[in-house]
Amino acid sequence: MEDWRKNKLAFMVFMGPATFWLLVFFTIPVVAIWVYSFGERGPLGQTYLAFSFDNYLRAIEPIHLKILWKSIWIGGLSTFLCLLIGFPVALGIAFAPDRWKNPLLLVVVLPFFTNMLIRTFAWIVVLGSRGVVNSGLGWLHGQADWLLGFAGLPDVMGQFTPLEMLHNNYTVIVGLVYVHLPFLILPLYATLEKLDRSYLEASLDLGAGQWRTFFSVLAPLAMPGIVTGCLLVFILSMGNFLVPDRLGGTDSMMIGNLIAQEFSKARDWPFGAALSFVIMYPVFIFFAINALMMRRRERVRAEA
Amino acid sequence: MTDIVAGRRRRREVNPLEYLKRPWMWLTLFGCFVFLYFPIVTLVAFSFNSYKRAFVWKGFSLEWYEKAFNNQALHEAFINSMHVAAVSTVVSTALGAMLGLALYRYWFPWKGTYEGIIHLPIVIPEICMAVAMVIFFWAVGIELSLYTIIVSHIAFTIPFVAVVIRARMAGFDVSLEEASRDLGASEWQTFWFVTFPYMIPGLVAGALMAFVLSLDDFVITFFTAGVGDNTFPVKIYSMLRFSVTPEVNAASTVLILITLSLTLVAMIMQSRWTKGKKE
Amino acid sequence: MRKFGRSLISQVSRRAFMQGSVAAVGITFVGGANRAWSAEEKRLNIYNWDTYIGEKTLGTFNARTGIQVQYDLFGDNEEMFAKLKEGNPGYDIIVPTDYMVEDMISLGMVVPLDHSKIPNLKHLDPAFTNPAYDPGMKHSIPYMWGTMGLGYKESAMDSAPESWADVLEPSRAAKHSGRIALLSDSRAVIGCALKYMGYPMNSTDAKQIAEARDLLIAVKPHIKTFAADNGQDLLVAGEVDITMEWSGDIAAVMQEEEGYNYVVPKEGSNVWVDNICIPKDAPHPDNAHKFINHVHDVDVHVEIANTIYFATPNKDAKAKMPKEYTDNPAVFAPDDVLSRCEGILSVGEHTRLYDEAWTAIQAS
């Protein structure tokens with residue numbers, strides 16, 4: 001890393017516009033809502049400014065922590081599945097011939113040009129009791145029944161009962177993986193694309209197997225992409241409220257749903273703001289520490 | 001010795017890094033493809049449903065396409081969505097890329113705090129940001145319009161682009177830039193001929209991400225929209241109280257087809273262009 | 001209520017009124033809008049639910065008045081409220097539900113109406129002209145109404161459900177375990193549980209609300225999901241056999257399909273009324289009055305009711321509607337049931353009780 005003073009003009013040119021934008025159109029508004037988080041709800045849903053930590057104390061009540069914990073779990077599981085699915089895809093695209101890369105990327109992103117709500121609805125059509133999967137299974141069942149009847153074994157299969165696949169936490173995870181996959185594939189692709197293949201070739205030539213090469217060479221090189229992608233997917237899944245709303249069962253409330261409820265139905269903006277900041281503080285700290293760690297690592301390297 | 005050479009030669013026959021030539025890779029990619037497209041195919045199929053509820057198949061009909069083509073409000077929403085997504089993608093990709101590059105490259109005082117803050121748009125719950133934006137726009141007296149939507153979209157997509165660019169830059173070989181400078185290139189030339197080309201895949205990935213985020217956003221759009229600024233998601237969400245009809249499926253199908261054909265045209269033009277350049 | 005607007009309309013025909021009254025009342029001012037009526041541009045910005053209007057309503061309005069309409073959409077009351085809370089971006093007409101009207105009046109977010117500009121109010125059923133949430137319709141005009149009840153698939157039931165017990169009492173809900181959907185609406189669900197237990201729907205007694213909460217937690221294992229206002233779709237798709245839903249949604253299903261029915265449980269339920277209001281700082285209040293009047297024109301209203309199939313408070317329009325509409329229990333609940341129904345009212349600072357109970361139900 002360079003010290004910014006070495007080239008102040010370039011630093012200003014690169015940092016200036018985005019900093020200005022995020023300062024004016026994000027930080028200032030967010031400071032306003034941050035002030036709200038210390039306020040209180042009026043009887044009709046007004047926001048009264050005050051200075052109290054009541055909303056924060058309420059936010060860390062056991063029941064809200066329980067919801068938060070559940071969101072972390074579901075978000076983490078979705079992230080893991082996303083990585084499992086997304087890594088081969090990103091690798092495949094990154095190692096494809098150059099002229100195929102962008103078209104392949106588009107093939108991956110194309111489903112996401114349809115609205116998230118519609119995509120979520122599509123899963124209801126796919127997984128429903130009379131959905132596509134169940135219809136397919138029912139048909140197979142009917143064929144098997146007919147065949148067995150033909151073989152002199154009528155009624156062995158019994159009546160086909162559709163699988164109940166919708167409205168539980170598994171469907172929520174499937175939905176979350178589905179709607180967030182590009183947020184893993186895209187950063188991972190960006191990292192893998194430039195990967196110096198000679199490292200991998202060297203590893204293979206030196207006798208390491210594909211798996212060993214994968215874990216000791218490829219994965220570390222891809223780490224920045226993996227970390228970025230997983231972080232994005234995790235944060236977005238944890239805060240998602242649409243998917244649990246539509247695909248979830250009776251116990252699928254996640255932190256995103258709770259926050260949305262406070263801002264809308266409960267009309268309690270101060271509490272909603274406090275809940276939002278409860279999940280924003282750790283991320284703030286994470287990025288701040290991450291920046292300092294990178295700096296330190298670099299210094300150590302420079303000294304060595 | 002000969003054994004090793006022979007072994008190597010055998011391995012060289014299929015380059016071990018041409019993952020696309022390996023069956024397991026094909027299987028995995030095919031599985032992912034099915035996962036990605038199965039719901040989309042269903043969605044397209046149900047756009048031909050003669051029944052108004054998008055969950056039960058009743059028979060074939062083109063009714064919803066006709067309805068979608070004649071629905072003025074839907075067209076306007078569609079155009080608004082495209083307008084917002086296109087403008088905010090271009091701006092946020094440019095700003096986000098510069099930011100990502102600067103964060104990768106420079107150390108400056110208070111960088112930790114700075115990074116903590118600029119990544120918050122990723123984590124802030126949409127509704128919280130939406131409310132914050134509305135409060136802000138009213139407080140400073142900016143009238144809500146299509147532009148306030150665009151401004152907000154840019155604000156929350158910038159950090160997404162920035163993190164992708166940083167992930168891309170993580171493996172950049174700084175010595176390339178040094179070499180360029182040593183050979184007498186100016187700072188600007190070095191950026192334009194060495195650094196920028198390296199960033200391109202990151203830019204593509206970041207732009208796609210920003211576009212999808214903007215196109216999909218409902219909450220922030222709903223709050224920051226002025227009178228008459230309905231976007232596609234706003235239209236769809238408002239249908240929830242009654243029933244979302246296959247009209248939306250039809251419109252989505254048309255969107256997919258438009259994107260596909262534009263891509264095909266772009267690909268053909270690109271291959272002609274590169275061919276022409278070679279000749 | 002009937003005295004409003006009578007004198008004008010009795011002398012001139014409706015049509016003539018629409019064209020001539022602008023000049024006649026050109027000097028009147030309304031609400032806080034300091035604007036001479038005649039000076040208004042020919043525009044109107046409506047903020048309403050999607051497809052919550054007749055297919056021709058806006059066309060005929062434009063033909064009669066020359067006013068261009070911009071029709072914008074929201075998905076629920078809270079969204080609309082939050083959108084207008086900081087200020088009105090330029091809407092002239094909004095369509096909130098009863099409890100929301102009450103709060104918006106208290107917060108000064110809607111302006112008083114000039115009934116003399118809405119002669120078609122005479123078509124309203126007197127039962128609707130003095131609502132509890134807005135006595136004397138000073139700020140709001142009823143638009144459509146309905147009930148909350150149970151939509152069910154007839155073939156899946158031994159006998160038609162008649163009580164909330166069928167979905168709320170664990171022992172009886174077990175019969176349809178996993179085939180029941182409740183709405184994802186805290187006030188409605190807890191309110192109905194309160195009704196079932198014999199308490200008022202708008203109870204502010206923490207103990208009663210806690211009892212309702214515990215009942216809902218106990219019955220949760222038998223509930224498939226809290227449907228986000230798409231219970232009717234779940235019903236048709238075969239996901240559930242019985243669902244708590246708003247009347248009109250089930251009425252729409254019954255119109256399309258055989259074998260589904262709707263009942264308002266005997267303990268009573270929620271009855272709601274959607275209303276047309278003019279928000280504060282509306283740029284075209286005169287046009288807004290014209291629009292309200294237009295909507296309650298009998299022929300126009302018949303077309304609206306035919307399209308959206310909710311119950312109408314417009315008695316003269318109702319009289320012109322076909323039998324399958326007027327005799328449909330999913331549109332008009334029987335009077336004796338209706339007498340046990342209550343509207344959801346604003347509970348002020350007690351909202352938090354409901355909010356916390358709802359979170360507890362979801363999280364348990």
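C:Y152 has its bridge partner in strand β7 of chain C, and that partner is C:I242. This is a predicted model, so read everything here as computed from it. C:I242 has another neighbour too: C:I180 stands opposite C:I242 in β7(C).

Those two residue pairs belong to two strand pairings. Strand β4 of chain C (residues 140–153) pairs with β7(C) in the antiparallel sense, over 5 bridges. Strand β5 of chain C (residues 180–183) pairs with β7(C) too, but in the parallel sense and over 2 bridges.

So how many of the 5 residues of strand β7 of chain C are buried? The count is 5 of the 5 residues in 242–246, which means the strand is largely enclosed by the rest of the structure. Side chains in a regular strand alternate between the two faces of the sheet. In β7(C), C:I242, C:M244 and C:W246 point one way, while C:T243 and C:E245 point the other way. Both sets are buried, C:E245 included. "Buried" here means that 20 or more other C-beta atoms lie within 10 Å of the residue's own.

Stepping back to the chain around that strand, chain C has 17 helices and 9 strands. Chain B is put together from 13 helices and 1 strand. If you walk along the sequence of chain B, you go through α-α-α-α-β-α-α-α-α-α-α-α-α-α. Here are the two chains side by side:

| Chain | Residues | Buried share | Contacts (6 or more apart) that join residues 24 or more apart |
|---|---|---|---|
| Chain C | 364 residues | 55% | 76% |
| Chain B | 279 residues | 46% | 80% |

Now for where the chains meet. On the C–B side, 26 residues of chain C are in contact with 24 residues of chain B. Several elements of chain C each supply at least two residues to this side: β1 (43–49), β2 (68–74), α4 (77–85) and α10 (231–236). Which of them gives the most? That's β2(C), with 5 residues. By residue type, the side of chain C that touches chain B splits into 9 nonpolar, 8 polar and 9 charged.

Over on the B–A side, 88 residues of chain B are in contact with 93 residues of chain A. Helix α2 of chain B (residues 23–46) brings the largest share of chain B's side, 13 residues. The residues on that side of chain B divide into 66 nonpolar, 15 polar and 7 charged.

There's also a bit of strand pairing across these two chains. Strand β1 of chain A (residues 2–3) and strand β1 of chain B (residues 106–107) pair in the parallel sense, over 2 bridges. Within that pairing, A:E2 has B:Y106 in β1(B) as its bridge partner.

Finally, the domains. Chain A is divided into domain 1, made up of 37–116 + 165–303, and domain 2, which covers 129–163. Taken over C-alpha atoms, the centres of these two domains of chain A are separated by 41 Å. Chain B is divided as well, with domain 1 at 1–46 and domain 2 at 62–278. For chain B, 31 Å separate the centres of domain 1 and domain 2, again taken over C-alpha atoms.

Technical notes
Residues are numbered from 1 along each chain as its sequence is written. Chains are lettered from A and ligands numbered from 1 in the order in which they are written. This is a predicted model: local features need pLDDT of at least 70, side-chain atom pairs count only at pLDDT 80 or more; totals for chains, interfaces and linings use all residues. Two residues are in contact if their C-beta atoms, placed from the backbone, lie within 7 Å. Helices (H or I, at least four residues) and strands (E, at least two) are DSSP runs, numbered from the N terminus. Ala, Val, Leu, Ile, Met, Phe, Trp, Tyr, Cys and Pro count as nonpolar, Asp, Glu, Lys and Arg as charged, and the others, Gly among them, as polar. Two strands pair if DSSP finds at least two bridges between them. Domain bounds come from an automatic or database domain assignment. A residue is buried if 20 or more other C-beta atoms lie within 10 Å of its own, exposed if 12 or fewer, and partly exposed in between; C-beta atoms are placed from the backbone.
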